[in-house]
Amino acid sequence: MSSPLENLETQLEMFIENVRQIRIIVSDFQPQGQSVLNQKIQSLVTGLQEVDKLKSQVHDIHVPTEVFDYIDQGRNPQLYTKDCIDKALAKNEEVKGKIDSYKRFKSHLLSELSKTFPNEIAKYKAIRGGE
Amino acid sequence: MMSDQFRKVEPYSPKSSPRGARSPVVSRQDSSGTLKTTISLGKNPSIVHSGPFYLMKEPPGECELTGATNLMAYYGLEHSYSKFNGKKLKESLSSFLPNLPGILDGPGQEDNSTLGSVIAKRPIGGKELLPLSSAQLAGFRLHPGPLPEQYRYVSATPPKRHKTKHKKHKHKDGVPPGQETPLQDSSNPDTYEKKHKKQKRHDDDKERKKRKKEKKRKKQKHSPEHGGLTPSQHPLP
């Protein structure tokens, strides 16, 4: 059993193929092609009905509108995914760097303070549970 | 200095509060007189005794997931990461949708076919899709003959696809330019699949022929007859 997205993709591809065939028929129309054309137009309606039926199966799939900008500019939408992954990774590394720096700063500050204010830092550590 | 004098609370003055400047609500536990409580105002006012330190607050609660974690691994996206960073992605839309006919790589604004416009101006919907009646189909009765030149240009297929398709069906007679691919029953997914498989086989054939040709050329180059003659100029045995 294929996934709802695969079903939708197949239906859309079939619909596009149908339109392509209609284009071929009408680009040099022959009188005997009228019945085929009528049949193709009806199958367009059927194709739209099929796509409409699949609507409910994909209603929970959210697409960022920025992806549409990529497609509208004739660019590969996977580049958007790649950009997102790159940005997320860079931000993750940046935050990890900050957290590590603060941890090092805290331990350094505590060790330096305990040299100057040993009693206070002992009390502080007792309150904080030996942090 | 003057203002400080004025502010000074006279402990026994009848005008001042008997508790001085202190709030009667807050109990005074420390006899030394130093403030060791944190008073928070706002919606939920609270008084926290913070021990011997000023401005000491409760540390923020430990969060299980922070930026210190490798979030790519945490959410199991390493595969996607290696997929997109391992190889160089092609820029064009047609490389993402190789099976779609027509020109895809141009900006959509040129022919008003942007997805953004579908969102900005939503199409009419909510009506039931019904097959056309014979009277409605009469509106699609066409005159025989080719389309005018200007419309043919708009619907031209990209050159790359055109080339492969042309070779594939070059023996078909009576097919006008741009109609090289035969009409298939797109309502059947099996035939649709076959179309793609066939194309793959065709590509294999092409590759084999190319290799054969190259082999032949090499052979000719090394043969004693080879002296700048074209194959057609070679004397017959």
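Let me start with a pair of side chains in chain A of this predicted model: E50(A) and K53(A) meet in a salt bridge, with 3.3 Å from N to O. Both residues sit in helix α2 of chain A, 3 residues apart, and that spacing is about one turn of the helix. As a reminder, side chains of opposite charge can pair when their charged atoms come close. Over all chains, the count of salt bridges comes to 9.

E50(A) also brings us to the packing of the helices, since E50(A) is among the α2(A) residues that meet α1(A). Two packed helices are described by the angle between their axes and the distance between the axes. For helix α1, residues 4–27 of chain A, and helix α2, residues 34–53 of chain A, the axes come within 10 Å and cross at roughly 160°. Angles over 145 degrees count as roughly antiparallel, and α1(A) is therefore roughly antiparallel to α2(A). The crossing in which α1(A) passes α2(A) is left-handed. On the α1(A) side the contact includes L8(A), L12(A), F15(A), V19(A), I22(A) and V26(A), and on the α2(A) side the partners include V36(A), I41(A), L44(A), L48(A) and V51(A). Sorted by class, the residues of this contact are 13 nonpolar, 5 polar and 2 charged.

Let me move along the chain to helix α3, residues 65–72 of chain A, which packs with helix α4, residues 78–116 of chain A, at an angle of about 135°, their axes lying 9 Å apart. At that angle the two helices, α3(A) and α4(A), are therefore oblique to each other. Here E66(A), V67(A) and Y70(A) of α3(A) make the contact with L79(A), Y80(A) and D83(A) of α4(A), and the class count is 4 nonpolar, no polar and 2 charged residues.

The other helix that I want to show packing with α4(A) is α5, residues 118–128 of chain A, where the angle is about 130° and the axes are 5 Å apart. That angle makes α4(A) oblique to α5(A). From α4(A) the contact takes L110(A), L113(A), S114(A), K115(A) and T116(A), while α5(A) contributes P118(A), I121(A) and Y124(A); these residues divide into 5 nonpolar, 2 polar and 1 charged.

Finally, the interface between the two chains. How many residues does each of chain A and chain B bring to the contact? Chain A gives 51 residues and chain B gives 66 residues. The area buried between chain A and chain B is about 5,200 Å², with 64% of that area coming from carbon and sulfur atoms. Within chain A, R20(A), D72(A) and Q78(A) supply 11% of the area that this chain buries against chain B, more than any other three residues.

Which salt bridge crosses from one chain to the other? The rule finds 1 salt bridge across the interface of chain A and chain B, and E91(B) forms a salt bridge with R75(A), with 3.5 Å between the closest N and O atoms.

Methods. Residues are numbered from 1 along each chain as its sequence is written. Chains are lettered from A and ligands numbered from 1 in the order in which they are written. This is a predicted model: local features need pLDDT of at least 70, side-chain atom pairs count only at pLDDT 80 or more; totals for chains, interfaces and linings use all residues. Side-chain values use heavy atoms; hydrogens and water are left out. Axes are lines fitted to C-alpha atoms, for helices over the stretch in contact, and angles run from 0 to 180 degrees between N-to-C directions. Helices (H or I, at least four residues) and strands (E, at least two) are DSSP runs, numbered from the N terminus. Angles under 35 degrees count as roughly parallel, over 145 as roughly antiparallel, 65 to 115 as roughly perpendicular and the rest as oblique. A crossing is left-handed if the near helix is turned anticlockwise from the far one by less than a right angle, and right-handed if clockwise. Contact means heavy atoms within 4.5 Å. Ala, Val, Leu, Ile, Met, Phe, Trp, Tyr, Cys and Pro count as nonpolar, Asp, Glu, Lys and Arg as charged, and the others, Gly among them, as polar. Buried area is the accessible area (1.4 Å probe) that two parts lose on being put together, summed over both. A salt bridge is a side-chain nitrogen of Lys or Arg within 4 Å of a carboxyl oxygen of Asp or Glu.
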